[in-house]
Every structure is written in structure tokens, then in C-alpha cells.
Amino acid sequence: MRSLDDITDAVLEYHPEADVDIILDAYFFSAKAHRGQSRQSGEAYLSHPVEVAYNLTRLKMDEKTVAAGLLHDTLEDTLATEDEIKEMFGEEIYHMVEGVTKISQVQFASWEEKQAENYRKMILAMAHDIRVVMIKLADRAHNLLTLEAMSPEQQRRISKETLDIYAPIANRLGIGWLKAELEDGSFQYIRPEKHKSIVDRMHQGEDERNALVKTVCEAVEKELDSVQIQGVVTGRSKHYYSIYKKMMLQQIDLEDVYDLIGVRVITGSVKDCYATLGLVHSLWRPIPGKFKDYIAMPKPNMYQSLHTTVNGPGGQRVEVQIRSKEMHKVAEEGIAAHWQYKDGEEKSKNEEDHLSWVRHLLEAQSEIQNPKDFLNAFKVDLFFQEVYVFTPEGEVIALPRGATPVDFAYQVHTDIGNHCLAAKVNGKIVNLKYKVKNGDRVEILTSKQKHPSRDWLSFVKTSKARSKIVHYVNHREREKSLDLGKEILETEIRKYGFEPAEVLKGKTLDEAIHASGFNALDNLYIGIGFGKTSVRHVVDKLLPRETLEEFAKQKPTVKVSEPSAESKGGRSGIKVKSFGDDMMLRIGKCCNPVPGDTIIGYITRGRGVSIHSVDCPSMMSLAGETERLVEVEWDTSHKTPFPARISIVTEDKPGLLGKISSAVSECDVNMTRANVQMGTLKRAYFDLSLEILDLEHLNRTLETIRKIPGVIHVERIKEYSKKMSRKKPGENLEDDEGSSEETGVWAS
């Protein structure tokens with residue numbers, strides 16, 4: 001166990017003017033609070049806060065943070081009170097201790113929800129005071145050293161969380177040694193067999209590697225002396241977890257990992273760094289594609305260095321890192337390299353740059369509510385494997401690997417992302433799904449008429465792009481739900497013979513709004529449009545009881561549209577009766593009706609009107625609920641293809657797929673998907689997705705296919721979902737967003 005002197009001596013070494021009395025007070029307070037407590041390992045509990053405080057000195061933290069490290073468990077695990085800590089140590093230290101406690105104490109229904117909330121708290125803590133997270137990192141580093149006393153399940157859980165969140169945070173804060181320590185400490189519990197295998201095999205060749213490191217270091221030192229460049233040369237074997245990651249990434253065995261050792265050269269200036277690089281390449285041949293210049297283009301965590309891999313003595317590969325003293329300080333200490341020890345002094349520009357990614361995460365957490373989406377966005381920002389691209393003006397933009405022009409657009413400015421029309425990469429138009437590469441020159445073409453699409457969420461990588469797209473789409477859907485809800489309510493009021501302008505005013509309206517759980521008329525409209533409240537429930541509060549009772553004696557029915565003579569010849573749009581233009585329509589995937597089918601519409605939760613065949617099980621399950629059913633009919637004013645699926649059974653003969661494709665093409669039908677399987681009894685089974693204009697067009701296509709020699713059976717598939725029978729009436733229409741797809745046309 002470390003002593004109190006170890007802690008204070010370490011602080012005074014890097015911060016001679018530190019007030020260590022506050023550390024002494026925190027030590028004695030913690031010792032008294034934890035008296036009689038033991039850890040699972042059997043050690044006195046005080047050993048843990050002492051080790052955490054010492055880890056904070058390794059991170060070069062100020063004396064108040066070290067004191068907070070000694071106190072970090074007192075609120076959660078002892079009888080110490082908030083008032084006691086405030087009175088003895090002040091508000092600043094109290095808020096750090098409280099921040100660490102808040103991150104730890106959280107109870108949620110699901111693992112995903114718990115993790116998402118933990119990460120949100122971590123982000124908020126980082127944005128408010130980065131020292132809170134430094135204490136959590138120091139705490140986790142010591143916990144990993146005492147995992148032996150815990151159950152295998154606890155070991156795996158804590159180690160996985162460390163690899164998922166704490167090690168990446170250490171990396172993002174630029175603290176290289178802590179990242180390596182957290183990864184290696186977790187690795188032995190996450191993959192114990194792999195860890196033992198790598199450790200054992202690394203020990204076997206240790207003497208040879210040490211000899212190689214010595215030879216390389218002496219050769220580099222000799223070259224530096226010959227040109228009078230002052231530098232310190234050191235070498236070591238790579239960390240176990242980094243070796244394991246390389247083996248997994250490249251799918252190779254340990255024997256095939258050639259660069260197991262690394263040599264580091266620390267010089268006095270940037271000029272000396274590049275001169276040293278030339279000397280190293282004059283000694284040994286560099287490996288093509290293995291040179292990275294992080295001095296010219298620093299990593300997002302401010303890391304700077306030159307990396308090169310060479311064929312060293314005896315043909316052994318050696319990675320060489322070359323950096324200045326200041327760069328080395330940043331690489332080892334990260335944000336602590338820029339730490340300010342003077343009270344009240346504003347953060348330095350370097351520290352602000354270090355934490356810019358936290359601001360992006362903070363934006364994301366405020367706009368992404370789904371826990372799974374938030375976790376994904378959070379991990380993308382932490383596991384940042386950078387790609388560097390250029391703006392047309394030559395400015396460098398760092399993006400995660402796999403990022404697209406849309407990510408680039410949002411990184412430059414939110415307005416550019418929101419109006420992104422197309423992208424040019426190196427002067428050529430590319431698809432918005434294009435994955436940018438190092439050195440690409442990206443130019444975004446914008447249009448005020450272009451807006452974010454929900455489809456973009458399927459390929460963007462950055463949390464900033466994702467959160468801005470989600471925010472825009474949700475805002476747009478809210479506006480459309482407001483218009484839809486207003487139209488639904490006014491239509492319902494007119495059905496009873498009243499004018500909406502006369503009803504929607506005064507005290508009666510206010511009472512109806514509040515009785516429905518809303519505080520304003522617009523919010524009531526949105527609630528109706530999203531399906532959160534029943535329009536019938538609202539009308540009951542607005543209209544005279546006698547009118548409602550008289551109307552209830554009648555038996556209203558909802559008409560469905562029979563296919564007209566016109567619709568049998570072609571179509572495109574769908575008309576929604578009793579509603580105005582600009583109504584979003586969706587064709588139900590559960591039945592995929594096509595022009596010529598008898599159809600009906602259902603007003604969904606904020607997603608427009610879903611169109612279904614009248615014999616679709618989802619409509620038949622409504623059991624008399626008719627208030628959200630609307631009359632719809634095929635519009636023949638223009639032609640647009642609709643999706644349809646067909647099933648074909650044929651003899652198992654070569655060339656039949658080609659003949660079927662030709663027949664489909666002859667009927668002017670586009671085939672969007674084809675799935676072919678071989679069955680028993682020499683049969684082949686085809687499942688095709690087509691784009692057709694109407695029912696007659698489909699039937700004509702089916703008849704053409706039937707005439708092909710070898711075709712046994714052809715039929716249209718109506719994709720009734722098997723899960724519908726397990727849902728409540730109407731639930732598949734309201735809540736299953738995957739049950740319908742956007743047609744891309746509007747009501748006319």
C-alpha cells in the first residue's frame with residue numbers, strides 16, 4: 001500500500017507550490033470514515049482511496065483533485081454527509097466527490113438504458129469538470145488490480161466495461177500509458193486463454209527481442225551523435241492487448257506479427273524529428289505504407305509523432321516513433337500536459353481543443369433519446385479511427401473511418417449538412433454513401449430545397465450528423481403531425497354539423513385541452529396526429545352531449561374504395577377523401593396493395609396514412625374501431641410503380657432464371673430482388689420482388705411467366721405478417737413502424 005508521503009512527495013515534484021495540507025486533511029477524514037471497512041481482497045478499505053489518489057499524481061492532477069480522490073467513496077460507502085465535506089473541503093472538492101458518486105449510483109430497467117444513462121452522466125461530468133472523469137479513470141485502474149478477489153462474472157463485467165468505455169476515454173484524453181494499463185488489465189479477464197498464450201510465448205522470445213532493441217537503440221544513438229542531434233532513444237515490446245488486437249484484425253497468429261517491438265526517439269524540436277526520420281530510413285529500409293505523419297496532422301486527442309516501420313537488423317520489423325519532448329509530454333499525460341494549477345484561471349486553448357469531442361457528444365446526448373442509438377453514437381466517438389480529408393480551401397477535417405460526405409458536411413457546419421444535395425470527391429460526383437479516404441478533397445453541393453432524410457441514418461457515422469438528422473426529422477414529423485391532427489379534429493367536428501371555428505375557442509376548448517393532458521391547442525393537435533390521444537375523446541369534451549347521443553344512435557360506416565374502371569388501366573397517386581393535399585402516404589408492407597385492389601386508409605401515429613387492402617388481417621383486427629379509418633382511392637392522373645412479390649415453382653433446369661428475367665423485362669417490369677432455392681423432387685423455388693403499375697399489369701406479367709416451359713406454379717404473395725395475430729387490435733398499424741413503407745408520393 002502506498003503511503004501518504006508517497007502521494008504528497010509526488011504532487012510537490014510536479015507542482016512545488018501545491019497546498020498539500022488539504023491532501024493531509026482528506027487522508028485523515030477518509031481514514032476515519034472508512035475505519036473498520038475491508039475490501040473483498042481482505043485489505044483495509046483505506047488502501048483503495050490511497051491508491052486512487054496516487055494514480056491521480058501519476059496523471060499530474062492538482063492537489064484538490066488528489067484530495068477528492070481520497071474522498072471519492074465517502075458519500076457512497078460511509079456515514080459521511082454532504083455538509084461535512086462542504087464544510088471541511090469547500091464546494092469545489094465536494095462537487096468532484098458528488099460527481100463521481102452520481103456516475104456510480106444509477107438503477108434502470110434494462111442494461112442498455114443503464115449503460116446509456118451512465119455514459120450520459122460521464123459526458124456531463126466531462127463537460128462540467130474533466131477532473132471528475134480523471135478520478136473515475138484512476139479508480140478503475142486500481143480496481144482492475146484487485147479483480148482476483150471477485151467472482152468470474154464480476155471480473156468479466158468490469159473488464160468489458162473498461163474496454164468499452166474507460167480505456168477509450170483515456171485514449172481520447174491522450175493518456176497513452178493509462179489506456180495501455182486499462183486494456184492489459186482487462187484483457188486477462190476477458191480472454192484469459194488468449195492472454196496466457198500471448199504472455200507465455202512473449203516470454204519465450206524475450207531475450208532475443210531485448211537484444212534486438214539494444215542493437216537498434218545503439219545504432220540510432222550513433223547516427224544522432226554523428227550529426228549532433230540530441231535525443232533519447234528507448235525501446236520496448238508492445239503491449240499484450242495491442243498484439244491481440246492486431247492478431248484479430250489481420251486474422252493472423254503471433255508468429256506472423258512481425259513488429260513486436262517498438263523504439264522511441266525523443267528529440268528537441270520538430271526539425272530534429274524529421275531529420276531523425278531520414279537517419280532511420282538511411283539505416284534500414286522502410287516498409288511501404290507504414291509511415292504516418294501525426295505531426296503535420298495530429299490525432300483528435302492532440303497526439304503528435306512520426307511513425308515508421310522498418311526492416312531492422314536481421315530482417316526483423318521494428319516500429320520507430322519519433323517526437324519532440326513537448327509531444328512526448330502530451331502523448332503520456334494527455335490533457336494533464338496542459339493543466340492549469342492556478343485557481344480561477346480559464347482553460348487553455350489546448351485544453352479546449354482536447355475537449356471539443358465532448359461538446360459533440362453533449363450535443364448528441366441531448367438529441368438522441370433511444371438508448372441503443374445513443375450507445376452506438378457514443379462508441380463511434382470513442383473508438384475514433386481517424387481519416388483525414390480536405391475542404392476545397394485545404395483545411396484538414398478529421399472523421400471516423402467509414403465516414404461519408406454527409407458526415408463531412410455536418411462536421412463543417414450544421415446548415416451545410418441540412419441542405420446537402422450532392423458531393424464531389426477529388427472533383428468527381430460521388431454517392432452520399434461513399435466512404436471517404438485519407439487525402440480526399442471533399443466539396444459539398446447544397447440546395448435550400450434539400451433537407452435531411454431518415455435514410456441518411458443508415459450510413460452516417462458521426463454522432464453529430466446522426467443527432468442533427470434525428471432532430472430535423474423529428475421536428476418535421478412534429479410539424480406534419482400538427483397539421484394532420486388539426487385536420488383530423490376539424491373533420492370530426494364537421495361530421496357532427498358544427499363549424500370548427502365556432503367550437504375551437506373559449507373556456508370549453510381550454511377544458512378539453514387540459515382534460516386530454518395537454519397545455520396548448522397546438523400540442524393537442526400534435527397528440528392527435530401522433531395518435532397519443534383519441535379524437536373521439538376530445539370531441540366528447542367539445543360538443544353538446546345531446547348531439548353526440550343523437551349521432552351515436554346512427555351506425556356510421558367507413559366506405560372503402562372499389563377499383564374504378566380508370567384505375568384498372570394504370571395509376572400512381574392515392575386520393576384521401578375529406579383531407580387536403582400534402583398528406584404523407586405509406587403502402588402497408590403487410591399486404592402491399594397495388595392499383596386495382598380494394599383499399600382503405602388508416603391514420604397512423606405521426607406517420608401519415610397507411611394504405612392497406614381491405615382483406616389485410618391488420619384491418620380485420622380492428623374489431624369495429626373506425627374513427628381513424630379514412631376513405632382512399634387510386635388516383636389515375638399519373639403512373640408510379642408499386643412493389644409486389646411473386647412466388648414461382650419450376651422444374652430444376654438450367655437457364656430458367658434467365659427466361660423468367662426476360663419475360664419480366666418484356667412486360668416492362670423492373671425486378672428489384674430475386675431469391676432462388678433448390679428444393680427436393682428436382683424443383684426450384686423463386687421469390688421475386690417486382691415494380692408494377694397496377695393489378696392488370698401484374699396479372700399480365702404472371703400470365704407471361706406461366707407460359708414459360710418448365711414453370712409449374714406462379715402466384716402473387718401478399719405479405720401478411722405472422723406476428724399480427726399476437727398483437728392487440730390495430731397495434732400493428734400504430735406501433736410497428738416497420739409495417740409500412742413510404743411511397744414517396746403525397747395525397748392528391
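Okay, let's start with how this chain is wired: among contacts between residues at least 6 apart in sequence, 68% join residues at least 24 apart. Keep in mind that what you're looking at is a predicted model.

A few overall numbers, then. The protein chain has 748 residues, and 49% of them count as buried. Its secondary structure comes to 30 helices and 22 strands. The chain exposes about 37000 Å², with carbon and sulfur atoms supplying 48% of that.

I'll go through some pieces one by one, beginning with a pair of helices. Find α3, residues 47-58, and α8, residues 130-145; the two pack at an angle of about 120 degrees, and their axes are 8 Å apart. That angle is why we call α3 oblique to α8. As for handedness, the crossing of α3 and α8 is right-handed. And who's actually touching whom? On the α3 side the contact is made by S47, H48, E51, V52, N55 and L56, and on the α8 side by M134, I135, A138, D139, A141, H142 and N143.

Next up, strand β2, which is residues 261-267. So, how many residues of β2 are buried? The count is 7 of the 7, so the strand is largely enclosed by the rest of the structure. In a regular strand, side chains alternate between the two faces of the sheet. In β2, I261, V263, V265 and T267 sit on one side, while G262, R264 and I266 sit on the other, and they're all buried, which leaves both faces covered.

Now for the partners of β2. With β1, residues 231-237, β2 pairs in the antiparallel sense over 7 bridges. If you want a spot to click on, G235 has V263 of β2 as its bridge partner. With β6, residues 317-324, β2 pairs in the parallel sense, over 6 bridges. Two places to look there: I266 is bridged to R323 in β6, and V265 is bridged to I322 in β6.

Let's stay with β6 for a moment. This strand is mostly covered, with 7 of its 8 residues buried. β6 also runs antiparallel to β5, residues 306-311, and 6 bridges join the two. One of the bridge pairs is N311 with R317 of β6. β5 and β6 form a hairpin with 5 residues between the strands, and in that hairpin G314 takes a positive phi near 70 degrees.

Moving along the chain, here's a small sheet. It's open, it has 3 strands in the order β10-β9-β11, and the pairing is antiparallel. Which strands are at the edges? Those are β10, at 428-430, and β11, at 442-446, each pairing on one side only. From one strand to the next, the twist averages 40 degrees. β9, residues 420-425, pairs with β11 in the antiparallel sense over 5 bridges, and within β11 it's L445 that is the bridge partner of A422. There's a helix on this sheet too: α19, residues 405-412, packs on it and touches β9, β10 and β11, with its direction making about 80 degrees with that of β11.

Last stop, another open sheet, this time with 4 strands in the order β19-β20-β18-β21, again with antiparallel pairing. β19, at 670-678, and β21, at 711-717, stand at the edges with a single partner strand each, so one side of each has no neighbour in the sheet. Ignoring direction, neighbouring strands of this sheet are turned by 20 degrees against each other on average. To see one pairing up close, take β19 and β20, residues 683-692: they pair in the antiparallel sense over 8 bridges, and N675 has D687 in β20 as its bridge partner. Finally, there's helix α29, residues 695-706, which lies across β18 (642-651), β20 and β21 and runs at about 165 degrees to β21.

If you take one thing from the strand part, I'd pick β2: antiparallel to β1, parallel to β6, and buried at 7 of its 7 residues. That's it from me, thanks.

Note on methods. Residues are numbered from 1 along each chain as its sequence is written. Side-chain values use heavy atoms; hydrogens and water are left out. Two strands pair if DSSP finds at least two bridges between them. Axes are lines fitted to C-alpha atoms, for helices over the stretch in contact, and angles run from 0 to 180 degrees between N-to-C directions. Contact means heavy atoms within 4.5 Å. Buried means under 20% relative accessible area, exposed over 50%, partly exposed in between (1.4 Å probe, protein chains only). Accessible areas come from the Shrake-Rupley method with a 1.4 Å probe; for residues, only the protein chains shown count as cover. Angles under 35 degrees count as roughly parallel, over 145 as roughly antiparallel, 65 to 115 as roughly perpendicular and the rest as oblique. A crossing is left-handed if the near helix is turned anticlockwise from the far one by less than a right angle, and right-handed if clockwise.
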